[in-house]
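User: Could you walk me through a structure that is new to me? I will ask short questions as we go.

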Amino acid sequence: MTGHLQQKSALALMLACFVARAAALPHAKNAEQKSSNVPLFSCPAGQEDAMQYFVMRKDLREDHYLSGEANPSYTKIFPDVDFAPAGYWFWLKSSEAHGFDIKAFDEKYIYIRGTELDWKDNTTFKRKEHDTELSTRCVPVNGASPEQRVSNARFSFYANCKPYKSSSLGTILNDLDAPEMMNAGGDIGQVSTRVLHYRFNCDKHFENCKDEEQSFLGKGYGRWKWVHLKHGEVVKTTVVNHISKGTAHAIPPCEDAFK
């Protein structure tokens with residue numbers, strides 16, 4: 001009698017597992033279809049999508065990130081395809097989303113949207129009053145992007161996901177260099193790289209910029225080197241050229257930071 005009951009229990013358990021698995025299949029299929037149904041963006045002949053340089057490619061970013069001298073860099077992009085007509089992404093500087101840069105893109109430009117404020121509290125951040133153009137979305141295959149001059153450089157400070165004061169970075173001047181083969185070292189090695197020049201605290205004529213941040217963007221890898229200059233002198237350099245296995249566990253919790 002006991003053996004018969006155990007057999008019935010085992011059969012019931014197997015049936016429950018089968019039903020649960022069958023119920024899950026449509027959800028997985030729908031998620032896959034939803035991803036595959038996202039339209040993809042393409043550039044005219046003779047141009048290429050600059051997003052190929054700004055973010056790590058999909059097959060790699062799914063379970064890898066860049067590590068190196070300082071903070072790691074995890075790429076999270078929405079929608080998660082290569083690449084949609086519009087969306088946003090994070091460069092996360094920890095798997096718990098403490099420390100982050102937020103960028104956005106549409107069919108015309110790639111933008112900077114915001115960045116962290118207090119690394120210990122990711123409900124604090126700085127967000128642009130208006131997304132700041134970094135580069136045109138489509139760039140010449142072997143050429144640079146045109147300069148982007150931004151007069152409205154105002155941004156707001158947030159705490160507990162709410163704004164509490166605003167400031168400005170003067171005027172801003174940005175451009176993206178033509179691609180060049182560079183040795184990133186580490187696990188990346190030789191890679192086609194475009195250097196983004198983000199100049200801020202400039203005067204009203206977009207000259208005499210006090211600060212410049214250079215992002216070395218490797219095709220298929222994203223930012224593998226970052227340089228900060230003040231008055232033309234290098235004050236800080238960070239290299240993340242090792243491909244490490246792992247994923248970020250979170251994104252910043254405040255929707256006003258990225259939407």
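Analyst: The following conversation covers the disulfides, the nonpolar cores and one serine of this predicted model.

User: Let's start with the disulfides. How many are there?

Analyst: The count comes to three disulfides. In general terms, a disulfide is a covalent bond between the sulfur atoms of two cysteines.

User: What pattern do they follow along the chain?

Analyst: With bonded cysteines counted along the chain, the pattern is 1-2, 3-6, 4-5.

User: Which cysteine is joined to C43?

Analyst: C43 is joined to C138, with an S to S distance of 2.2 Å. This link is left-handed, with -90 degrees about the S-S bond.

User: Where do C43 and C138 sit?

Analyst: C43 is in the loop between α1 (2-36) and β1 (47-49), while C138 belongs to strand β8 (residues 138-140), so the disulfide ties together parts that are 95 residues apart in sequence.

User: Is C138 buried or exposed, and what about C43?

Analyst: C138 is buried, at a relative accessible area of 15%. C43 is partly exposed, at 21%.

User: And C161, what does it pair with?

Analyst: C161 forms a disulfide with C254, and their sulfur atoms are 1.9 Å apart. The torsion about that S-S bond is about -65 degrees, so the disulfide of C161 and C254 is left-handed.

User: Which parts of the chain does that pair tie together?

Analyst: C161 lies in the loop between β10 and β11 (162-168), and C254 lies in the segment after β18, so the bond connects parts that are 93 residues apart in sequence. C254 is buried, with a relative accessible area of 2%, whereas C161 is partly exposed at 24%.

User: What about C202 and C209?

Analyst: C202 and C209 form a disulfide with sulfur atoms 2.0 Å apart. The torsion about their S-S bond is about 105 degrees, so this disulfide is right-handed. C202 counts as buried at 7% relative accessibility, and C209 is partly exposed at 21%.

User: Changing topic: how many residues are in the largest nonpolar core?

Analyst: The largest nonpolar core has 25 residues, and M51, F54 and W89 have the most contacts inside it. At least two residues of this core come from each of α2 (51-54), β4 (87-92), β6 (109-116), β10 (154-159), β12 (171-176) and β14 (190-202).

User: Why might nonpolar residues gather like that?

Analyst: As a general tendency, nonpolar side chains in soluble globular proteins are buried together.

User: What does W89 touch?

Analyst: Leaving out residues up to four places away in sequence, W89 touches M51, F54, V55, T75, K76, I77, D101, I102, K103, A104, F105 and I110.

User: What does the second core include?

Analyst: The second core is separate and has 16 residues, including A97, A104, Y158 and C254. C254 is also the cysteine that forms a disulfide with C161.

User: One last topic. Where is S244?

Analyst: S244 is in strand β18, which covers residues 242-245.

User: Why does S244 count as buried?

Analyst: S244 has a relative accessible area of 17%, and it counts as buried because the cut-off for that class is under 20%.

User: Which side chain does the side chain of S244 make a polar contact with?

Analyst: The side chain of S244 makes a polar contact with the side chain of S67, at 2.7 Å. With neighbours within four places in sequence left aside, S244 is in contact with D63, H64, Y65 and S67.

How values were computed:
Residues are numbered from 1 along each chain as its sequence is written. This is a predicted model: local features need pLDDT of at least 70, side-chain atom pairs count only at pLDDT 80 or more; totals for chains, interfaces and linings use all residues. Side-chain values use heavy atoms; hydrogens and water are left out. A nonpolar core is a set of buried Ala, Val, Leu, Ile, Met, Phe, Trp, Tyr and Cys residues joined through side-chain atoms within 4.5 Å. Buried means under 20% relative accessible area, exposed over 50%, partly exposed in between (1.4 Å probe, protein chains only). Helices (H or I, at least four residues) and strands (E, at least two) are DSSP runs, numbered from the N terminus. Contact means heavy atoms within 4.5 Å. A polar contact is a pair of N or O atoms within 3.5 Å; within protein, one must be able to donate a hydrogen and the other to accept it, and residues adjacent in sequence count only if both atoms are side-chain atoms. A disulfide is a pair of cysteine sulfur atoms within 2.5 Å.
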